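Please look over the sequence and the 3D structure below. A short report on selected parts follows.

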Amino acid sequence: NKPLISAINGFAVGVGFTLALQCQLRVMADDAWVGDTHTKIGRLGSAHNLYAQLPRALAAYLTLCNGRLTAQQCLQHGIVNRVTSPDKLLEAAEELAEMVCESSPLAVQAAVRLYRLSTAFDPALVSYAKALDKEIAETEDGAEGSRAFKEKRKPQWKLR
């Protein structure tokens, strides 16, 4: 029931970005960026997280185009609460924590529970997303995507 605050420094891609989205408050270094490259390597990842928490056009850009969002773009679209220089990042996160600590602990815990409940996914959707990702991963293209990533080359997709 404690609020989570992420401090994004550098880049948060794929699972790293998904973890940051699980936090209720987010601070980002001005030179950091976020993205999702699952489809580039023949996977799906947890695209449903992005579709639920971001404006749909941005989520589609990240998942379909393997796009990146800068810190300023994240701030502009309400993905993060603050943007600061890398050397002030932890200080900014601590300022948010101090603000939270000024409130009633019981009210904060209730707000966190509601936040989590409002962003919870139907178990059927989570199960379906996992099944789709597994199905894709077990194809020749799924194996090729991983190989190409490791070998730092473009994948040769075969649609099987």
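Leu-159 is found in the segment after α8. This is a predicted model. Is Leu-159 buried or exposed? Leu-159 counts as exposed because its relative accessibility is 81%, and the cut-off for exposed is over 50%. Its backbone also stands out: Leu-159 is not a glycine, yet its phi is positive, at about 60°.

Asn-66 has a positive phi too, of about 55°, and is not a glycine either. Where does Asn-66 sit? Its place is in the loop between α3 and β5.

**The sheet**

Now to the strands. Strands of a sheet pair through backbone hydrogen bonds, either parallel or antiparallel. Here, an open sheet has 3 strands, in the order β2-β4-β5. The pairing in this sheet is mixed. Which strands are at the edges? They are β2 and β5, where β5 covers residues 68-70, and each pairs on one side only. Neighbouring strands of the sheet are turned by 15° against each other on average, direction ignored.

Take one pair in more detail. β2 and β4 run in the parallel sense and are paired over 3 bridges. Ala-12 stands opposite Val-34, a residue in β4. A helix also packs on this sheet: α3, residues 56-65, touches β4 and β5. The direction of α3 makes about 125° with that of β5.

**The largest pocket**

Next comes empty space. Rolling a probe the size of a water molecule over the atoms shows where empty space is left. The largest pocket has a volume of about 350 Å³. There are 17 residues in its lining. Which of them are closest to the centre? They are Thr-37, Lys-40, Ile-41, Asn-66 and Phe-149. So Asn-66, the loop residue with the positive phi, returns here as part of the pocket lining.

Several elements contribute to the pocket. β2 (11-13), β4 (33-35) and α8 (140-151) each supply at least two residues of the lining. The largest share comes from α8, with 3 residues. Two of these elements, β2 and β4, are the strands that pair in the parallel sense.

**The largest cavity**

How many cavities of 30 Å³ or more does the structure hold? It holds 1. About 40 Å³ of space lies in the largest cavity. Its lining includes Gly-14, Phe-17, Thr-18, Gly-35 and Asp-36. His-38, Ser-46, Ala-47 and Leu-50 also line the cavity. Helices α1 (15-21) and α2 each supply at least two of the lining residues.

The table sets the two spaces side by side.

| Space | Volume | Nonpolar lining | Polar lining | Charged lining |
|---|---|---|---|---|
| Largest pocket | about 350 Å³ | 7 residues | 5 residues | 5 residues |
| Largest cavity | about 40 Å³ | 3 residues | 5 residues | 1 residue |

**A buried asparagine**

Helix α2 spans residues 47-53, and Asn-49 lies in it. Is Asn-49 buried or exposed? Asn-49 is buried because its relative accessible area is 7%, and the cut-off for buried is under 20%. What does Asn-49 touch, leaving out residues up to four places away in sequence? Its contacts are Thr-18, Gln-22 and Phe-121. Thr-18 also belongs to the lining of the largest cavity.

Key: Residues are numbered from 1 along each chain as its sequence is written. This is a predicted model: local features need pLDDT of at least 70, side-chain atom pairs count only at pLDDT 80 or more; totals for chains, interfaces and linings use all residues. Side-chain values use heavy atoms; hydrogens and water are left out. On a 1 Å grid over the protein atoms alone, a cavity is a set of points where a 1.4 Å probe fits but cannot get out, and a pocket is an open set with protein on both sides within 12 Å along at least five of seven lines; lining residues have an atom within 4 Å of a point. Grid points are joined across faces, edges and corners, and a volume is the space filled by probe spheres set on the points. Helices (H or I, at least four residues) and strands (E, at least two) are DSSP runs, numbered from the N terminus. Ala, Val, Leu, Ile, Met, Phe, Trp, Tyr, Cys and Pro count as nonpolar, Asp, Glu, Lys and Arg as charged, and the others, Gly among them, as polar. Two strands pair if DSSP finds at least two bridges between them. Axes are lines fitted to C-alpha atoms, for helices over the stretch in contact, and angles run from 0 to 180 degrees between N-to-C directions. Contact means heavy atoms within 4.5 Å. Buried means under 20% relative accessible area, exposed over 50%, partly exposed in between (1.4 Å probe, protein chains only).
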